[in-house]
Amino acid sequence: MAAIRKVIIDAGHGGQEPGAVYNGRMEKNDTLQLAFDVGNALERRGISVEYTRVNDVYDSPYEKAAMANASDGDLFLSLHRNSMPVPGTASGVESLVYEKTGPAGMFGRNIGEALEAIGWVNLGVKERPGLVVLKNTKIPAVLVEVGFINNERDNEFLDENMAATADAIADGVLRTFEELDGKNTPQTESPGLYVVQTGVYRLRRNAEAEVQQLRELGAPAYMVAQNGLFYVRAGAFRELDHAVRMEQSLRRLGYSTVILRT
């Protein structure tokens, strides 16, 4: 079985450093909430996560880069909110990287495209070689600016689509791992999860087609290859109730499902 992938998630700012502030809303609070939601979305996909912070504390960018370098993580994801001098004059998401070429650029593009697919304006990938968390981190790193905190429409969209935003970022991470492996890599599953299985195929392309169909329906679908067969899963959950709800939703759409325990 392949080693489980790990992502280091950094909730930007914290403690005495609130980040951008608008009408009492603080960047450090938004990033921490989103970090947990992204972490949960990644764990449902069988990807391990580690956080630079889990409460309202401050660590310098140098310390955060050191945390990533001391870990056994594969990717570093730093979450932030953007801001402009004049409120309401900019909107959208952008991915900042040390350089656009190589794995980091691909990582940033994948996240931006996934966020665009759910309705965010995608401002693209931009090079910021002077940012410490990008320059000093040894693993591929991206800093995602998730909307402008001083744009009411961006705040409203984030609040109404927090879970979808987290899932989109997780999909961008998953796609990056697949591309780094040079193929649509079957996802390794963590033990102790309840998985919703929708099909078993002998041909990879048939399984991939169903994964794409399920993702278009909003399910966190992925594929697992074992013993020459390709298993399509519509999510992996730590709580049985969550798996049951997903199964019921898919059965109403005509899918034949079964819940398995990893």
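Trainee: Before I look at charges here, which residues count as positive and which as negative?
Mentor: Lys and Arg count as positive and Asp and Glu as negative, while His and the chain ends are not counted; the place of a charge is taken as NZ of Lys, CZ of Arg, CG of Asp or CD of Glu. Please keep in mind that this is a predicted model, in which local features need pLDDT of at least 70 and side-chain atom pairs count only at pLDDT 80 or more, whereas totals for chains, interfaces and linings use all residues. Residues are numbered from 1 along each chain as its sequence is written, and side-chain values use heavy atoms, with hydrogens and water left out.
Trainee: OK, how many charged side chains of each sign are there?
Mentor: The chain carries 28 positive and 35 negative side chains, and the centres of these two sets lie 5 Å apart.
Trainee: Let's take K6, is that one buried or exposed?
Mentor: K6 is buried, having a relative accessible area of 15%, where buried means under 20%, exposed over 50% and partly exposed in between, with a 1.4 Å probe and protein chains only.
Trainee: And which side chain does the side chain of K6 join in a polar contact?
Mentor: That is E50, at 3.3 Å; a polar contact is a pair of N or O atoms within 3.5 Å, and within protein one must be able to donate a hydrogen and the other to accept it, while residues adjacent in sequence count only if both atoms are side-chain atoms.
Trainee: What share of the whole chain is buried?
Mentor: Of its 262 residues, 50% count as buried.
Trainee: And what does the C-alpha trace span?
Mentor: Along the principal axes of the chain, the trace spans about 55 × 35 × 30 Å.
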